[in-house]
Amino acid sequence: MKRILLACSAGMSTSLLVTKMEQHVASINEDAKIWAVGQDQARKEMANADVVLIGPQMSFLKGDLQKEANKYGIKVDVIDMMAYGLADGKKAYEQAVKLMGE
Amino acid sequence: MENIDLDTLTAEQINFMLILHSGNARSKIIQALREYREGNVEESDNLLIQAEEDLKASHEIHFKMIQKEASGERVEFALLLMHAEDHLMSTLTMKELVRELLDIFKQKNL
């Protein structure tokens with residue numbers, strides 16, 4: 001099962017995106033664990049994730065977070081602007097899956 | 001991104017757009033401070049200018065929403081909208097403060 005961690009400053013906007021992504025995952029009959037946390041918990045939570053997507057408001061933390069994520073051999077990236085701006089669960093999920101494959 | 005017609009978006013998407021632009025600005029403001037710390041003054045200035053553009057985009061969306069409400073059209077209220085406004089206002093404050101700080105640093109040759 002794919003484990004996707006989303007993080008933004010308060011974990012609020014991304015929790016909404018989680019719902020959208022889950023709806024998409026269900027519609028294509030796949031199974032994934034997707035959850036959102038605030039930026040302070042991201043470091044701790046990434047131990048349980050296969051990929052980390054962060055909100056644009058914390059893209060300045062990408063480098064730091066990637067360093068931490070290297071310990072677990074996973075990727076960190078900023079959520080695609082279009083996917084985020086339009087709260088597009090499908091696009092965000094596809095981005096996560098692509099990152100896992102790289 | 002700039003070509004998106006707001007009228008085609010849902011209220012939720014508009015809130016996300018507000019957060020997106022404010023969020024991009026927030027990242028650039030912090031990055032501007034970091035670049036300055038590393039001695040990259042020009043890059044720091046550029047980032048702050050870009051952050052102002054992002055904030056302008058966010059502010060324009062917000063302004064349209066206020067105008068819509070003022071003209072008697074109901075704007076749907078949601079916790080997410082409050083959160084988006086929070087993002088916008090706190091980032092505006094950050095930008096003003098960081099600009100002042102960088103001016104002080106420059107003046108004092110820090």
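These legends go with close-up views of a predicted model.

**View 1. The open sheet of chain A, strand by strand.**
Four strands make up this open sheet of chain A, in the order β2-β1-β3-β4 and with parallel pairing. At the edges stand β2 and β4 (75-78) of chain A; each has a single partner strand, so one side of each is left without a neighbour in the sheet. Ignoring direction, neighbouring strands here are turned by 20° against each other on average.

**View 2. Strand β1(A) and its two partners.**
Let's zoom in on β1(A), which covers residues 2-8 of chain A. Is this strand mostly covered or mostly open? Mostly covered: five of its seven residues are buried. With strand β2 (residues 32-38) of chain A, β1(A) pairs in the parallel sense over seven bridges. Look for A:Lys2, which has A:Ala32 of β2(A) opposite. To get from β1(A) to β2(A), the chain goes through helix α1 (residues 12-27) of chain A, and this β-α-β crossover is right-handed. Strand β3 (residues 51-54) of chain A is also a partner of β1(A), again in the parallel sense, this time over four bridges. Here A:Ala7 is the residue to find, standing opposite A:Ile54 in β3(A). As a reminder while you trace the side chains, those of a regular strand alternate between the two faces of the sheet.

**View 3. From β3(A) to β4(A), with helices packed on the sheet.**
β3(A) and β4(A) run parallel, joined by four bridges. One spot to pick out is A:Leu53, whose bridge partner in β4(A) is A:Asp77. Helix α3 (residues 62-70) of chain A packs on the sheet and touches β3 and β4 of chain A. The direction of α3(A) makes about 160° with that of β4(A). α5(A) packs on the sheet as well, touching β1, β3 and β4 of chain A. Its direction makes about 135° with that of β3(A).

**View 4. Where α1(A) meets α5(A).**
At what angle do α1(A) and helix α5 (residues 89-101) of chain A pack? The angle is about 80°, and the axes are 8 Å apart. Angles of 65 to 115 degrees count as roughly perpendicular, so α1(A) and α5(A) are roughly perpendicular to each other. On the α1(A) side, the contact is made by A:Leu17, A:Lys20, A:Met21, A:Gln23, A:His24 and A:Val25. From α5(A) come A:Gly89, A:Lys90, A:Ala92 and A:Tyr93. Sorted by class, this contact has five nonpolar, three polar and two charged residues.

**View 5. The side of chain A that touches chain B.**
Across this interface, 15 residues of chain A are in contact with 17 residues of chain B. Two helices of chain A, α1 and α4 (81-85), each supply at least two residues of the side that touches chain B. Which element gives the most? That's α4(A), with four residues. By class, the chain A side divides into 10 nonpolar, five polar and no charged residues.

**View 6. Chain B, the helical partner.**
Chain B has three helices and zero strands, so to read the elements from the N terminus on, just follow α-α-α. Taken along the principal axes, the box filled by its C-alpha atoms is roughly 50 × 25 × 20 Å. Of the 110 residues in chain B, 32% are buried. Among contacts in chain B with a separation of 6 or more, 76% come from residues 24 or more positions apart.

Technical notes: Residues numbered from 1 in each chain as written. Chains lettered and ligands numbered in written order. Predicted model: local features only at pLDDT ≥ 70, side-chain atom pairs only at ≥ 80, totals over all residues. Buried ≥ 20, exposed ≤ 12 C-beta atoms within 10 Å, placed from the backbone. Pairing = 2+ DSSP bridges. Right-handed = clockwise from strand over helix to strand, strands pointing away. Contact = placed C-beta atoms within 7 Å. Nonpolar A, V, L, I, M, F, W, Y, C, P; charged D, E, K, R; others polar. Axes fitted to C-alpha atoms, helices over the stretch in contact; angles between N-to-C directions. Parallel < 35°, antiparallel > 145°, perpendicular 65-115°, else oblique.
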